[in-house]
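Subject: Structure handover

Hello,

Here is the structure for you to look through. Please open it alongside this email, and my notes follow below.

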Amino acid sequence: MTKHSLLGAYVNSLGKSKSIALVQHLGGADVNLLGVTTVISLSKTVTAGNKIIVSWGCYGNATASICIDNLGNVYTLCQITTGACSAALFYAPVTVGGSITTITITHGSVQYKAAQASEWSGVGSFVGASGGSGAFSATVTFAANIAIPANGVVFGTASNPDNYATTAGPNSGSPSTSISVEHDTPGVNVAITTLYAVAGASTVTNFAGTGISNPSGNKVGAGGIFNST
């Protein structure tokens, strides 16, 4: 290969985005104890450069404000939705890799709460909240008529106090994009689900992200939109 072709290959590679992929489900917590923290105890190894996504939910109107781990990675709240039940989504770039043993979410005093976390590769900068909402319904909304950047992703938390499993809602947006469930925990105290949708090479417009959980009941969603790396 000539010097010119090598340079061309290098320049072309700069414009390519890394594919977004689930590295591993880290773990979860389902708690029946009045208090202001939810602690996920785990024993996993995370890799610097990846991102951790944390879903949290509770039965009751409580605001989750802080999320930390034992490694000192810095978590940011994407969105919090409160009501008869509440949901929040946090993320952290893994700046300190290694053995992760605890993730702790701090929130208002509440008895029934749940959380789960996962590690992802290829997830870039945070774009903004996805507009999740709550309703008494079989459907929970974690994204409301948003745009997902080309090769980007929207993550969502679905929470309900009725402990029913949540499945992915129908394809949505233009071009039509599918929704997937990263992990669903019906739980004993609070049901918590992490959902996501990844865009292809084109920006997805008018995307509505939903999950389905029957029968009808109090449900709430929250989420965040991200570029790819």
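Start with a hairpin. Strand E11 (residues 180-185) and strand E12 (residues 191-198) run antiparallel, and five bridges join them. Find Asp 184 first; its bridge partner in E12 is Thr 193. Five residues sit between the two strands of this hairpin. Gly 187 has a positive phi there, near 75°. Keep in mind that this is a predicted model.

Next, the cores. The largest nonpolar core has 24 residues. Which of them touch the most other members? They are Ile 52, Val 54, Tyr 75, Ile 103 and Ile 105. Five strands each supply at least two residues of this core: E1 (21-46), E2 (51-59), E3 (64-69), E5 (85-93) and E6 (98-121). E6 gives the largest share, with six residues. Another core lies apart from this one. That second core has 14 residues, including Val 140, Phe 142, Val 154 and Phe 207.

Now pick out Ile 105. Set aside its neighbours within four places in sequence. Ile 105 is then in contact with Val 36, Thr 37, Thr 38, Ile 40, Val 54, Trp 56, Ala 64, Ile 66, Cys 67, Phe 90 and Ala 115.

Then look at the aromatic rings. The count comes to seven aromatic pairs. Take Tyr 91 and Phe 226. Their ring centres are 5.0 Å apart and their planes stand at 85°, so this pair is edge-to-face. Tyr 91 is in strand E5 and Phe 226 is in strand E13 (residues 204-228). The pair links distant parts of the chain, 135 residues apart. Are these two residues buried or exposed? Both Tyr 91 and Phe 226 are buried.

Phe 226 also pairs with Phe 126. Here the ring centres are 5.4 Å apart and the planes are at 55°, so the pair is tilted. Phe 126 lies in strand E7 (residues 123-129) and Phe 226 in E13, so this pair ties together parts that are 100 residues apart in sequence.

Compare the burial of these two rings. Phe 126 has a relative accessible area of 27%, so it is partly exposed. Phe 226 is at 0%, so it counts as buried.

Last, the cluster. Ring pairs link Tyr 91, Trp 120, Phe 126, Phe 155, Tyr 196 and Phe 226. Find Tyr 91, Phe 126 and Phe 226 in it first. Then trace the cluster out to Trp 120, Phe 155 and Tyr 196.

Best wishes

Definitions and conventions: Residues are numbered from 1 along each chain as its sequence is written. This is a predicted model: local features need pLDDT of at least 70, side-chain atom pairs count only at pLDDT 80 or more; totals for chains, interfaces and linings use all residues. Side-chain values use heavy atoms; hydrogens and water are left out. A nonpolar core is a set of buried Ala, Val, Leu, Ile, Met, Phe, Trp, Tyr and Cys residues joined through side-chain atoms within 4.5 Å. Buried means under 20% relative accessible area, exposed over 50%, partly exposed in between (1.4 Å probe, protein chains only). Helices (H or I, at least four residues) and strands (E, at least two) are DSSP runs, numbered from the N terminus. Contact means heavy atoms within 4.5 Å. Two strands pair if DSSP finds at least two bridges between them. Rings of Phe, Tyr and Trp (its six-membered ring) pair if their centres lie within 6.5 Å; planes under 30 degrees apart count as stacked, over 60 as edge-to-face and the rest as tilted.
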